[in-house]
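Visitor: Hi! Could you walk me through this structure in plain words?
Guide: Happy to. Let's put it on the screen and begin with a term we will need.

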Amino acid sequence: MDLQGLKLTWLGHSNFRILNTGGQVVLIDPWFTENPASPEKSIPKKKVDLVLITHGHFDHLGDAIEIAKKHGPKVIGIFELCAWLQKKGVENCSPMNLGGSQSAADVRVTMVPARHSSGIQEDGQMIYAGEPCGYVMEFENGVKIYHAGDTAVFSDMQLIHELYRPDIALLPIGDHYTMGPREAACAVSLLRPKTVIPMHFGTFPALTGTADEFKKHVEDLGVEVVVMKPGQTIE
Ligand code: NI
Ligand code: MN
C-alpha cells in the first residue's frame, strides 16, 4: 500500500484518522469514549480539521458533538444528520447528499450510497437521520480512499469503481449489522481497489466476521489485504 505521505490510523470499529501531507487531520466516524476497540478513550486533544460521519448510529456518530465543540472542525454528513447536529450546537456543519462532492481540508469528499439504516436514539425516541452513506476521499496527493460506512454489499459498488477508482477500500466485515467476510469479498470484486482494509469487526461479540475468514475469501482476487490493529498507524 502506497499512501504517498498520508498517515492512516485505525482507532477501532469504523473510526479512522487520516493526516494529510499538509498536516490537516481528518476523522471518519469518530467514536472514542465508549468504543471498546479504541485505544484512545477520550476525544483528541490535538486539532481536528474535518469530521466525516457516515450515519446516525451511536457507534459512528460517536463523539462528534464534543469534538466539534472543542476543535471546531468542518463536519460533513447527510442533510438530516447535519440538521440534528446543528440543533445540538455544532456550528461548522457542511451538509451534503448522495452523489455530490465538496472540498474541505484539501480533501475532495464524495458522498456515496450505503445499504443500511440510520437513526439517532434519544430520550427513548428514534430520530430520522437521513440516509446512511459512505465517502470517497481524494487527497491532495491523488490517493483515493473509500470508507464504506456500515453497508450490505450492493452492485452499484461497481459504479464507485468506475467513477472514482478508489486505491484503498475500508470495508466492514463483522457481519450481523453489516456484510460479513463473504459478502465483503464480493464488494472487493466490484470495487477493485489496490488495497482493502477490513473494519467493523471484533468490537462486540455479535460481530463474528474475522479478518482471517475475509482473507480466505479475497485470496484469489489479486487485491492486497492489510489487517490493521486498533491504534496502528500506516505511513
Ligand atoms: Ni450502523
Ligand atoms: Mn455500525
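Guide: A pocket here is an open set of grid points with protein on both sides within 12 Å along at least five of seven lines, and its lining residues have an atom within 4 Å of a point. Keep in mind that this is a predicted model.

Visitor: Okay, so which residues lie nearest the centre of the second largest pocket?
Guide: Those are Arg17, Val25, Glu40, Pro44 and Lys46, out of 16 lining residues. The volume of this second largest pocket is about 310 Å³.

Visitor: Which element gives the largest share of that second largest pocket's lining?
Guide: Strand S2 does, with three residues. By type, the lining of the second largest pocket has six nonpolar, three polar and seven charged residues.

Visitor: And how much space lies in the largest pocket?
Guide: About 380 Å³. It has 18 lining residues, and the closest to its centre are Gly56, His57, Phe58, Asp59 and Gln121. Both H1 and S8 give two or more residues to this lining, and S8 has the largest share, with four.

Visitor: Since S8 came up, which way does it pair with S9? Parallel or antiparallel?
Guide: Antiparallel, over four bridges, with S8 covering residues 119-122 and S9 covering residues 125-128. Gln121 has Met126 in S9 as its bridge partner. The hairpin has two residues between the strands, and Asp123 takes a positive phi near 50° there.

Visitor: Switching topic: what coordinates the manganese ion?
Guide: Four residues do the job for ligand 2, the manganese ion: Asp59 through OD, His60 through NE2, Asp150 through OD and His200 through NE2, at 2.1 to 2.3 Å. Asp59 sits in helix H1 (residues 58-61), while His200 is in the loop between strand S13 (195-199) and helix H6 (211-218), so to speak a link between distant parts of the chain, 141 residues apart.

Visitor: Are Asp59 and His200 buried or exposed?
Guide: Both are buried.

Visitor: Which residue bridges the manganese ion and the nickel ion?
Guide: Asp150 bridges the two, and the manganese ion (ligand 2) and the nickel ion (ligand 1) lie 3.3 Å apart.

Visitor: One last thing: why does Asn15 count as buried?
Guide: Because its relative accessible area is 0%, and buried means under 20%. Asn15 lies in the loop between strand S1 (7-10) and strand S2 (16-19). Leaving aside residues up to four places away in sequence, Asn15 touches several others, including Trp10, Pro30, Trp31 and Phe32.

Terms used: Residues numbered from 1 in each chain as written. Chains lettered and ligands numbered in written order. Predicted model: local features only at pLDDT ≥ 70, side-chain atom pairs only at ≥ 80, totals over all residues. Heavy atoms only, no water. Donors = N, O, S within 2.8 Å, 3.2 Å for Na, K, Ca; no water. Buried < 20%, exposed > 50% of the residue type's maximum accessible area, 1.4 Å probe, protein only. Pairing = 2+ DSSP bridges. Contact = heavy atoms within 4.5 Å. 1 Å grid on protein atoms, 1.4 Å probe; cavity = no way out; pocket = protein on both sides within 12 Å on 5 of 7 lines; lining within 4 Å. Points joined across faces, edges and corners; volume = space filled by probe spheres on them. Nonpolar A, V, L, I, M, F, W, Y, C, P; charged D, E, K, R; others polar.
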